[in-house]
Amino acid sequence: MLQMGGDTATIEEEFLRDLSLNFLLAGRDTTALALCWFFWLLANHPNVEEKVVAEAHHVIGAGNREGKLVLTRSELNRMHYLHAALTESLRLYPSLPLDIKHIVMDDILPDGTHVKKDDKLVYAIHAMGRMESIWGSDCSLFRPERWLDPCSGLFSEAHLPPFHYLAFNAGPRTCIGKDMAYVLMKTVASTLLLHFRVVPVRGHKVVPKLSITLYMKYGLLVTLEPRIGLAKESQVEA
Ligand code: HEM
């Protein structure tokens with residue numbers, strides 16, 4: 001038994017082990033897969049990649065860090081376009097394509113559907129991310145701009161009903177690692193893209209694998225090409 005700051009608050013080692021394992025299982029592949037699909041989408045949408053890199057230059061710059069690139073939370077928060085692009089990527093390729101709920105008692109859902117105790121309720125996050133009735137006629141396009149407020153240019157979800165975007169679920173059962181996932185994804189994506197182009201190997205087939213998590217069936221084979229002229233490009237004022 002571990003003590004947590006006083007005599008009264010204690011935590012069982014077994015509970016702590018399960019909690020840590022849960023975080024590892026829930027947070028590792030989900031974040032890694034989100035980045036794989038993101039890099040693949042960027043490689044196929046050079047106009048989006050250009051904007052992501054321009055923003056990273058603008059916010060982080062590339063020099064004056066003595067070879068070390070340590071990002072602050074405030075810098076990450078200022079990368080609105082990257083945030084929008086990652087969110088859009090997860091709309092089309094949610095790391096968890098399906099979610100299942102076990103019904104604990106008879107109930108009626110807001111749309112009038114009756115559900116019975118011990119039923120299973122499965123909802124398809126992948127399909128919902130591509131429904132025209134939710135996202136409009138451009139639902140199948142990768143368009144990060146849909147997440148930017150047209151006036152301020154800042155990332156915003158305010159225009160969406162809360163249960164339309166389900167990559168992290170919504171409501172009280174929203175993924176508790178959501179903020180951390182964005183910190184991880186934005187850190188990796190911005191630092192990597194600032195220095196390299198992620199170029200998929202020609203002819204390599206990228207298709208989803210039917211699984212509880214949205215793997216790529218054959219993985220993502222890429223080469224990393226150093227960005228030429230980085231120092232010159234990075235002289236954008238932050
Ligand atoms: C892109 C990355 C991620 C995605 C798309 C994602 C998505 C989700 C979704 C859809 C759920 C299900 C919520 C529910 O229906 O109850 C969930 C649960 C959860 N997530 Fe995440 N997640 C991500 C990253 C992370 C990270 C980085 C962590 C922690 C470090 C994390 C920790 C958890 C935990 C602890 C749960 C609850 C699991 C449970 O109910 O047992 N997630 N996540």
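# Helix packing and an iron site

Helices H1 and H7 pack at an angle of about 40°, with 10 Å between their axes. That angle makes H1 oblique to H7, because it falls neither under 35 degrees, which would count as roughly parallel, nor in the 65 to 115 range of roughly perpendicular pairs. Please keep in mind that this is a predicted model. The points below start with this pair of helices, then turn to H4 and its two partners, an aromatic pair and the iron atom of the ligand.

**H1 with H7**

- H1 passes H7 in a right-handed crossing.
- On the H1 side, the contact is made by Thr31, Ala34, Leu35, Phe38, Phe39 and Leu42.
- H7 brings Ala181, Leu184, Met185, Val188, Ala189, Leu192 and Leu193 to the contact.
- Sorted by class, the residues of the contact of H1 with H7 are twelve nonpolar and one polar, with no charged residues.

**H1 with H4**

- H1 also packs with H4, here at an angle of about 105° and with the axes 9 Å apart.
- These two helices are therefore roughly perpendicular to each other.
- From H1, the residues Ala34, Trp37, Phe38 and Leu41 meet Leu82, Ala85, Leu86, Ser89 and Leu90 of H4.
- The contact of H1 with H4 has eight nonpolar residues, one polar and no charged.

**H2 with H4**

- Helix H2 covers residues 46-60 and helix H4 covers residues 80-92; the two pack at about 140°, and their axes lie 8 Å apart.
- H2 and H4 are therefore oblique to each other.
- H2 passes H4 in a left-handed crossing.
- Val48, Lys51, Val52 and Glu55 of H2 are in contact with H4, which contributes His80, Tyr81, Leu82 and Ala85.
- In the contact of H2 with H4, five residues are nonpolar, one is polar and two are charged.

**Aromatic pairs**

- How many aromatic pairs does a search of the whole structure find? The search finds nine.
- In one pair, Trp37 and Tyr93 have ring centres 4.1 Å apart and planes at 0°, so the pair is stacked.
- The pair of Trp37 and Tyr93 links distant parts of the chain, as the two residues are 56 residues apart.
- Trp37 sits in helix H1 (residues 13-44), while Tyr93 belongs to the loop between H4 and strand S3 (98-102).

**The iron atom**

- Which protein residue is a donor to the iron atom of the ligand? Cys175 is the only protein donor, through its SG atom at 2.3 Å.
- Cys175 is found in the loop between helix H6 (132-135) and helix H7 (178-195).

Note on methods. Residues are numbered from 1 along each chain as its sequence is written. This is a predicted model: local features need pLDDT of at least 70, side-chain atom pairs count only at pLDDT 80 or more; totals for chains, interfaces and linings use all residues. Side-chain values use heavy atoms; hydrogens and water are left out. Donors are N, O and S atoms within 2.8 Å of the metal (3.2 Å for Na, K and Ca); water is not among the atoms, so sites may look incomplete. Helices (H or I, at least four residues) and strands (E, at least two) are DSSP runs, numbered from the N terminus. Axes are lines fitted to C-alpha atoms, for helices over the stretch in contact, and angles run from 0 to 180 degrees between N-to-C directions. Angles under 35 degrees count as roughly parallel, over 145 as roughly antiparallel, 65 to 115 as roughly perpendicular and the rest as oblique. A crossing is left-handed if the near helix is turned anticlockwise from the far one by less than a right angle, and right-handed if clockwise. Contact means heavy atoms within 4.5 Å. Ala, Val, Leu, Ile, Met, Phe, Trp, Tyr, Cys and Pro count as nonpolar, Asp, Glu, Lys and Arg as charged, and the others, Gly among them, as polar. Rings of Phe, Tyr and Trp (its six-membered ring) pair if their centres lie within 6.5 Å; planes under 30 degrees apart count as stacked, over 60 as edge-to-face and the rest as tilted.
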